[in-house]
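I opened the model today to look up a few points before going back to the bench. The entries below follow the order in which I checked them.

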Amino acid sequence: YQQTFISSVGSNLEKMNFNKKHWLNHLTPVPPIDEQHKITSILFIVDSLIRQTQKIIEQSQKLKKGLMQKLLTKGIGHTRFKKVRFLFSSLMEIPIEWERKTVGELFKLRTGGTPSRTVSEYFQGDIPWVTSTDLNRGIITNTLEKISKDAIQKAHLKIFPKGTFLIATYGLEAAGTTVALDTSSMTSVALAKILFANWLGGAREYAGMAPDLDAMLGACDAALLIGDPALQVDRTRYVTLDLAEEWVARTGKSFVFAFWAIRKQALAGRNGAEIAEVFQKSRDHGLAPKNLEAIAQEWASRLGITVEAIRDYLTQNIHYYLDPPCLEGLELYYRLGVEIGALPRAPGLSFLQGIPD
């Protein structure tokens with residue numbers, strides 16, 4: 001009942017804006033004061049029981065974690081131990097009777113695949129298709145998406161038997177359920193949400209945070225870094241992906257992270273062509289080899305990375321012209337962002353001199 005009221009009176013559910021007149025004139029059931037007290041008491045008791053149950057669950061989880069650590073390293077009833085070292089672990093003791101085997105000796109490893117999202121018919125079947133979102137829910141009894149037999153044949157997918165152990169081992173699909181977002185660029189934040197929603201197993205729980213990687217990964221399963229902090233990451237320590245590379249691989253379109261724009265009101269009484277020329281000259285000045293080298297030299301010392309890395313970033317990773325392929329990618333980005341609620345509907349772009357050079 002409450003949701004129906006909010007939907008009809010508020011301007012929208014997300015912002016919860018209300019018309020004051022409608023709100024004050026709305027009729028609502030009001031029980032006698034004694035009955036209100038009884039209702040409050042019952043709900044208070046239920047809340048107390050919920051809090052007690054949550055504490056018991058938390059204590060049980062801690063107990064389970066301790067038991068797992070002991071049982072999986074010390075076993076049951078063993079008195080003799082040997083010191084061994086495993087991948088990513090320090091020297092530890094295990095029972096003498098235990099063996100050490102590789103994962104390849106214990107399991108048959110197979111990889112999965114994804115049918116093309118551009119063929120909607122592939123996702124209109126009744127065959128369960130597992131995504132990383134399903135994996136994050138634990139034991140899988142059903143899947144959020146289903147695919148057709150044609151999808152299995154055309155995409156060369158495999159059908160795995162009941163009891164198969166599944167794990168996301170690489171890429172953004174392995175990012176868990178929570179993602180910390182560096183909010184210094186809302187363009188990149190929206191792009192990350194679009195990639196998750198459309199190709200990487202569904203939306204996650206997102207939390208805006210300052211670009212401190214240790215703090216971000218301490219609070220969430222994965223982290224989005226943007227700009228200079230991303231360039232400074234030691235990629236040998238983490239699984240890292242580039243948002244633009246993921247976008248191009250999934251859509252075949254260019255991606256536009258930024259462009260120069262000016263409000264129409266600001267153009268009043270000014271020569272638009274001259275303003276456009278100033279921007280273009282500024283771009284060309286910055287791209288002059290001598291100036292690119294000066295920028296690389298200055299920012300390498302500021303960021304603590306090599307001049308070569310800055311030079312490659314500026315000359316190989318960035319396209320400086322808003323050409324038709326970029327505009328096609330920009331249009332797709334806006335549309336997908338609106339579809340998942342990551343972006344407001346964008347106004348159309350108009351150019352002072354037609355399509356820019």
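Which residues is Trp-247 in contact with, leaving aside its neighbours within four places in sequence? I listed Leu-191, Ile-194, Leu-195, Gly-252, Lys-253, Ser-254, Phe-255, Gly-329, Leu-332, Tyr-333 and Leu-336. I note here that this is a predicted model.

**Entry: the cores.** I then looked up the largest nonpolar core, which has 26 residues. Trp-247 is among the four members that touch the most other members, together with Leu-191, Leu-224 and Tyr-333. I checked which elements give two or more residues to this core, and found β5 (178-182), α7 (186-199), β7 (222-224), α10 (243-251) and α14. The largest share comes from α7, with eight residues. There is also a second, separate core of eight residues, and Tyr-122, Phe-123, Ile-127 and Ile-152 are among them.

**Entry: the chain as a whole.** I counted 14 helices and seven strands in the secondary structure. The chain has 357 residues, of which 24% count as buried. Its accessible surface comes to about 26100 Å², and carbon and sulfur atoms hold 56% of that. Among contacts with a separation of 6 or more, 52% are between residues 24 or more positions apart.

**Entry: helix α14.** I came back to this helix, which spans residues 324-339 and holds Glu-328. Is Glu-328 buried, exposed or partly exposed? Its relative accessible area is 44%, so I entered Glu-328 as partly exposed. I also took the distance between the C-alpha atoms of Glu-328 and Val-256, which is 9.7 Å for two residues 72 apart along the chain.

Further along α14 I found Glu-339 and Arg-335, which are four residues apart and therefore separated by about one helical turn. Glu-339 and Arg-335 form a salt bridge, and their closest N and O atoms are 3.0 Å apart. Glu-339 is exposed at a relative accessible area of 52%, while Arg-335 counts as partly exposed at 46%.

**Entry: other salt bridges.** How many salt bridges does the count come to? I have nine. One of them I followed up is Arg-311 with Glu-293, where the closest N and O atoms are 2.9 Å apart. Arg-311 lies in helix α13 (residues 307-316) and Glu-293 in helix α12 (residues 289-303), so this pair ties together parts that are 18 residues apart in sequence. Arg-311 is partly exposed, with a relative accessibility of 29%, and Glu-293 is partly exposed, also with 29%.

I also looked up Asp-284 with Arg-283, a salt bridge with its closest N and O atoms 3.0 Å apart. Asp-284 is partly exposed at 40% relative accessibility, but Arg-283 is buried, with a relative accessible area of 13%.

**Entry: cysteines.** How many disulfides does the count give? I wrote down zero disulfides. I still checked the accessibility of two cysteines. Cys-220 has a relative accessible area of 9% and is therefore buried. Cys-326 is buried too, at 7%.

**Entry: a nonpolar patch.** On the surface I found a nonpolar patch of about 630 Å². Leu-63, Leu-67, Met-68, Leu-71, Leu-72 and Ile-76 make up this patch. I picked Leu-67 for a closer check and placed it in helix α3 (residues 33-74). Leu-67 has a relative accessible area of 43%, so I entered it as partly exposed. The cut-off for joining a patch is over 30% relative accessible area, and Leu-67 at 43% meets it.

**Entry: an unusual backbone angle.** Most residues other than glycine have a negative phi. His-156 is not a glycine, yet its phi is positive, at about 55 degrees. Where is His-156 found? I located His-156 in the loop between α6 (149-154) and β5. His-156 counts as exposed, since its relative accessibility is 66%.

Terms used: Residues are numbered from 1 along each chain as its sequence is written. This is a predicted model: local features need pLDDT of at least 70, side-chain atom pairs count only at pLDDT 80 or more; totals for chains, interfaces and linings use all residues. Side-chain values use heavy atoms; hydrogens and water are left out. Buried means under 20% relative accessible area, exposed over 50%, partly exposed in between (1.4 Å probe, protein chains only). Patches are made of residues with over 30% relative accessible area and no salt bridge: like charges are joined within 9 Å, nonpolar side chains (Val, Leu, Ile, Met, Phe, Trp, Tyr) within 5 Å. Accessible areas come from the Shrake-Rupley method with a 1.4 Å probe; for residues, only the protein chains shown count as cover. A salt bridge is a side-chain nitrogen of Lys or Arg within 4 Å of a carboxyl oxygen of Asp or Glu. A nonpolar core is a set of buried Ala, Val, Leu, Ile, Met, Phe, Trp, Tyr and Cys residues joined through side-chain atoms within 4.5 Å. Contact means heavy atoms within 4.5 Å. A disulfide is a pair of cysteine sulfur atoms within 2.5 Å.
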